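Trainee: Hi! Could you walk me through this structure before I head back to the bench?
Mentor: Happy to, let's pull it up.
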Amino acid sequence: MERITITIEDDLLEEFDKYISLKGYSNRSEGIRDALRHMLSHETGTNTDLEKCVGCVSYVYNHKERLLSSKLIEAQHHHHEIPAATLHLHIDAENCLEATILSGTGKQVHDMANDIISQTGVRYGKLHVIPVK
Ligand code: NI
């Protein structure tokens with residue numbers, strides 16, 4: 001086993017501590033290990049072999065964060081061969097919710113969703129994949 005150091009916002013850590021206490025974890029490490037297992041089994045590498053699928057990737061971001069809006073647009077243009085439509089909701093003065101609907105092979109849909117979700121400042125990113133027969 002390896003020991004790592006991570007940096008986390010106070011409010012996110014507070015929320016995490018409440019969650020693990022509610023779930024009965026004896027320490028943060030076990031909670032983080034479980035969160036990682038969950039993330040790895042449900043979000044990456046799944047459904048990438050589908051020949052045809054549609055996907056919906058949803059995420060929240062702060063549009064005032066430097067360069068983030070243009071990086072997200074850049075990510076979409078980078079995958080311009082994939083049919084996509086985005087719904088944008090202004091949550092409050094700073095935060096935006098976007099839901100982008102994609103269509104393509106499993107790999108195309110996952111690659112584009114990952115390019116969006118992995119941008120620094122993008123929160124609550126989630127991809128929902130629906131196979132098309
Ligand atoms: Ni907005």
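Mentor: We'll go from the overall layout to two of the helices, and keep in mind that this is a predicted model.
Trainee: Sounds good. How many helices and strands does the protein chain have?
Mentor: It has 4 helices and 4 strands, and along the sequence they follow the pattern α-α-β-α-β-β-α-β.
Trainee: And which domains does the assignment give?
Mentor: Domain 1 covers 10-42 and domain 2 covers 53-131. Their centres, taken over C-alpha atoms, are 25 Å apart.
Trainee: What share of the residues counts as buried?
Mentor: Of the 133 residues in the protein chain, 13% are buried.
Trainee: Let's switch to α1. How many of its residues are buried?
Mentor: The count is 0 among its 14 residues, so α1 is hardly covered. Right after α1 comes Gly24, with a positive phi near 85°.
Trainee: What span should α1 have, and what does the model show?
Mentor: At 1.5 Å a residue, α1 (residues 10-23) should span 20 Å, and its end C-alpha atoms are 20 Å apart, which agrees.
Trainee: Now α4. Which residues are buried there?
Mentor: Val109, His110, Met112, Ala113 and Ile116 are buried in α4. Looking down the axis of α4, these buried residues fall within an arc of 170°, so they line one face of the helix.
Trainee: What covers them?
Mentor: The cover over the buried residues of α4 includes β1 (53-62), α3 (68-78), β3 (95-104) and β4 (123-131).

Definitions and conventions
Residues are numbered from 1 along each chain as its sequence is written. This is a predicted model: local features need pLDDT of at least 70, side-chain atom pairs count only at pLDDT 80 or more; totals for chains, interfaces and linings use all residues. Helices (H or I, at least four residues) and strands (E, at least two) are DSSP runs, numbered from the N terminus. The expected span of a helix is 1.5 Å times one less than its number of residues. A residue is buried if 20 or more other C-beta atoms lie within 10 Å of its own, exposed if 12 or fewer, and partly exposed in between; C-beta atoms are placed from the backbone. Domain bounds come from an automatic or database domain assignment. The arc is that of the directions from the helix axis to the C-beta atoms. Two residues are in contact if their C-beta atoms, placed from the backbone, lie within 7 Å.
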